[in-house]
Amino acid sequence: MRPLLELLKRRPPGNWSLRPNDSVFDALKTLSDHNVGALMVLDDGKLVGVFSERDYTRKIALAGKSSKDTLVRDIMTAQVITVSPQVRTRDSPALMSQKNIRHLPVVDGDTVLGMISIRDIMNDIIADHEMTISHLEHYITS
């Protein structure tokens, strides 16, 4: 299994993020524009939170608040669980399951490198298994 840094390098360029003072409405638009379920919240390049669809549904929609009148900083998840770029993809699902999260920011010291999702991890695991099967089939038929 690969380190998470390799996974990030294979993605198209661009780390989408929000600012703490963005409106929740604008954050929802950004989620929709990029077809993602969560975004990192950066303040002067420093990771200060994660904003997800879950944050919206639980803290705005169900609370009867307005997404246009609420700021991201007021509902984002501020206690962010992060991983280093050297963590291997096979180690991430257990952490995500334990912490009940679907997105993990990847940071190297104070540098934010990107964010991986459970979908990214599962796609990598499936690709790895398919490659193993192919190698075994080739070995058997040779």
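Colour the chain by secondary structure and follow it from the N terminus, where the elements run α-β-α-β-β-α-α-α-β-β-α, giving six helices and five strands in the protein. Keep in mind throughout that this is a predicted model, and that residues are numbered from 1 along the chain.

Now show the C-alpha atoms alone and turn the protein along its principal axes, where these atoms fill a box of roughly 65 × 30 × 30 Å. If you display contacts between residues at least 6 apart in sequence, 57% of them join residues at least 24 apart. Switching to a surface view, you have about 9000 Å² exposed, of which carbon and sulfur atoms supply 50%, while 35% of the 142 residues count as buried.

Next, select the charged side chains. There are 18 positive and 18 negative charges, and their mean positions lie 3 Å apart. A search of the whole structure finds six salt bridges, and some of these are worth visiting in turn.

Begin with Asp 124 and Arg 2, whose side chains meet in a salt bridge with an N to O distance of 2.7 Å. This pair links distant parts of the chain, since Asp 124 belongs to helix α6 whereas Arg 2 sits in the segment before α1 (4-9), 122 residues away. Both Asp 124 and Arg 2 are buried, and you may therefore need to hide the surface in order to see them, as buried means under 20% relative accessible area. Add Arg 10 to the selection, and you have a network of salt bridges that links Arg 2, Arg 10 and Asp 124.

Move on to Asp 22 and Arg 19, which form a salt bridge with their closest N and O atoms 3.0 Å apart. Are the two partners buried or exposed? Asp 22 is buried, because its relative accessible area is 13%, whereas Arg 19 counts as exposed because its relative accessibility is 55%.

Then select Arg 73 and Asp 74, another salt-bridged pair, in which the closest N and O atoms are 3.8 Å apart. Arg 73 is partly exposed, with a relative accessible area of 45%.

Finally, return to helix α6, which spans residues 118-141 and contains Met 122. Select Met 122 together with Ile 118 and Ile 126, and you will have the residues that make a nonpolar surface patch of about 230 Å². Met 122 itself is partly exposed, because its relative accessible area is 38%.

Key. Predicted model: local features only at pLDDT ≥ 70, side-chain atom pairs only at ≥ 80, totals over all residues. Heavy atoms only, no water. Patch = residues over 30% accessible without salt bridge, like charges linked within 9 Å, V, L, I, M, F, W, Y side chains within 5 Å. Areas by Shrake-Rupley, 256 points an atom, 1.4 Å probe, with all protein chains shown as cover. Salt bridge = Lys/Arg side-chain N within 4 Å of Asp/Glu carboxyl O. Helix = DSSP H or I, 4+ residues; strand = E, 2+ residues; numbered from the N terminus. Buried < 20%, exposed > 50% of the residue type's maximum accessible area, 1.4 Å probe, protein only. Contact = heavy atoms within 4.5 Å. Lys, Arg positive; Asp, Glu negative; His and termini not counted. Charge placed at Lys NZ, Arg CZ, Asp CG, Glu CD.
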